[in-house]
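Biologist: I'm new to models with several chains. Could you show me how to read the places where the parts touch?

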Amino acid sequence: MGAPHVIVIGAGSTGAAIAHDLALRGPRVTVVERGGVASGTTGHNQAQLHSGARYAVNDPESARECIEENMLLRKIMPEGLELNDGLFVALTEEHLAYRPAFLEACARCGIPAREIPAARALELEPRLNPRLLAAIQIPDGVFDPYRFCLSFLATAHQNGARILTFTEVIGIDVSRRVVRVRDRRSGQTGALEADLIVNAAGPWAGKVAALAGGRVEVEPSAGAMVTVGARMCHRVINLLAPPGDGDIIVPQRQTSILGTTSWTVADLDHITIPPHHLEQIFAVAGQLIPDVHRAPVRGVMAAARPLLVVPGSGGRATTRGFACYDHARDGADGLVSMVGGKTTTARGMAEKLSDMVCAKLGVNVECRTRTERLLSYRAGMGA
Amino acid sequence: MNLTFTLRIRRPQGWADFTVTVPDDAYVLDALEAAERHDPTLLFRHACHHASCGSCGLRVNGRERLGCVTRVAEVASRGRVLKLEPLRNLPRLGDLLVDHQPLFSRIDAVDLPPIRAAASEAVAGPQPTRFENCIECGLCVSACPVAGSDSSYWGPAALAAAARVAAEPRGRDVASVLKLVDDEHGLWRCHGVFECTEVCPADVDPAGLIMGLRQRLLEGERQ
Amino acid sequence: MKRWFDLRRRSAGLWAFRLHRLSGIGLVLYLYLHLAVLNQLRGGPGRWDAFVALARSPLFLALDVILLGGVLIHGLNGLRLTLLGFGRGLRWQKQLFWVALTLSVVLMGWGAVAMFRR
């Protein structure tokens, strides 16, 4: 008897982090992904390494997860992040009124938040709106979503995981723990046998679970983003207000990513952006950094977020937390699903899921991903 | 306003035509996704959709571009044919899919730090950092005629990376990196065509960096 | 190798590369031709005179003009490449090519006139 075999469906941040965690603990891992790495939600990401401050007031549990994972990622992928902190900027009296609640919530969630004088903020970020009234510095950062996934996958591969991209799941026989796949490059179909199947398909998690006769509810909430061809700031700039549309500017390389918005979509695979969304993004981002109006538009993108459905809520109030489901509860024993979350917390999500997987498989090994340095994303994953 | 045109894609079995209709501000990648709706077996790579991952590189009407930031209106018009082919000089995996790993491995060999100092207009504060310009998209490798005829050539991206290591070491062993590329298949194999700099979507200027590094090596020898 | 002659809209640098290759190969072929011609000397003065008569024909002179063009473009572009290879003038690499090409054409024209006038 060799090590148990786990199939992970999805090579976005969730699947990549799970593959890494499990590969370190012993199971043989095979990742199957119908497209390229990060071709789903993770790729179309605003790339913000959250400090959690954005969620501190409305969703403190998410906020705590964020700051913890933020600090851990700095240790395990030190060269995979732009680490220049972030600012929450107040432009109106209303924003100033939000400040005490914001600071208090950050303190409660363990997020280091420091108010700095407006003048100082302008010295640090000359392109900020000169009318700004206050600024609070928090440890935001920026990652590269594609390379984030490649790092986790390269490390998993070095520890024995097999990564199969352009390999589509066409059926799951959960009672026999068999996943039927089509290799899109050759057109050939085949069957992979496993001891357990992990559904990490993001917003497609519902579809994948259904293949196995299981049920998972994911709210397909899409968000649009605009990238302009100029680096307008070094810090992530946020509006000091309850989370709203277009209120974040994320610098990345020599560009700035403005976002984001939110609307429900029916077809996850082909998302069209409603016309006024881009105007809304520019309207708000332009208040934070007026120069965005003069910067050339480099790209426009939208993707569906895999939001966890909490009964009775909807839209932005839906928690950005995550959950692990063991489908033994709905008659599809052999499948476990990871739903919700964000790239910032991928490692932590993977830890919880891998704990569940290892418990089910009788693998008695502790998680090591908090301390294990990741390989360079260039190291390769054999795919 | 919509645009209707023919996407002519070079697949392993030959050219395949797809008639697609997209909004007039759509990108080539959007057109590919529309074509994929007709034929889900169409293979292409995409991730970030904003020119930072480097995975969507391809040849549009013979010229190396990133599909995610190339507007269809710029390269095709009503009724015309838009030709799409995979990048050259990298192993082809199918349709528009190529394997970037040889490029990643060469850049890994010169150990380019992924992070660099960011130029700043700030009047105060710590030195900001950001990701390196190079997004390892392979457009330069595809456009280089030398890479086309010599597979041992290090290629513009890796040599530009070496030049960056020499310029901003961040703790790397510059001498050993220079030894690696100071080679007939490295720095000296470049013929000064400058196509790499022409097609680079990320301001890397590989040709300029290669020539600059040559100058540095030659002047170093004189000492 | 056929990619060198990829006839799609490309930039000055690639055209310079192509012309340099073409003229380089041409000059090598010419070298062999030249040696073969010099070999004629072994045939004595009669053989040489016959060759000189041929060399004065308009066709031959035209080929000489092309040869001159090849030498000029290869030499002037060669100077450009040398400069660039030392890391100098990188910002003007395209302009340097156009200057080299223009100069080659002008001097080639001048040479053609001089040769045919005789």
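Modeller: Let's take the contacts in turn, keeping in mind that this is a predicted model.

Biologist: How many residues do chain A and chain B each bring to their contact?

Modeller: Here the general idea is to count residue pairs whose C-beta atoms lie within 7 Å. Chain A gives 38 residues and chain B gives 39 residues.

Biologist: Which elements of chain A supply at least two residues each to the side that touches chain B?

Modeller: They are α4 (118-124), α5 (145-158), β16 (248-252), β17 (255-259) and β19 (297-308) of chain A. The largest share comes from β19(A), with three residues. Sorted by class, this side of chain A has twelve nonpolar, 16 polar and ten charged residues.

Biologist: And what does the contact between chain B and chain C take from each chain?

Modeller: It takes 16 residues from chain B and 16 residues from chain C. On the chain B side, α5 (145-149), α8 (195-199) and α9 (206-222) each supply at least two residues, and α9(B) has the largest share, six residues. By class, that side has five nonpolar, eight polar and three charged residues.

Biologist: Where do the domains of chain A lie along the chain?

Modeller: Domain 1 covers 5-42 + 146-217 + 319-379, and domain 2 covers 85-141 + 219-308. Their C-alpha centres are 31 Å apart.

Biologist: How many residues of domain 1 of chain A are in contact with domain 2?

Modeller: Twelve residues of domain 1 are in contact with eight residues of domain 2. On the domain 1 side, β20 (322-326) and β21 (335-340) of chain A give two or more residues. That side divides into six nonpolar, five polar and one charged.

How values were computed. Residues numbered from 1 in each chain as written. Chains lettered and ligands numbered in written order. Predicted model: local features only at pLDDT ≥ 70, side-chain atom pairs only at ≥ 80, totals over all residues. Contact = placed C-beta atoms within 7 Å. Helix = DSSP H or I, 4+ residues; strand = E, 2+ residues; numbered from the N terminus. Nonpolar A, V, L, I, M, F, W, Y, C, P; charged D, E, K, R; others polar. Domains from an automatic or database assignment.
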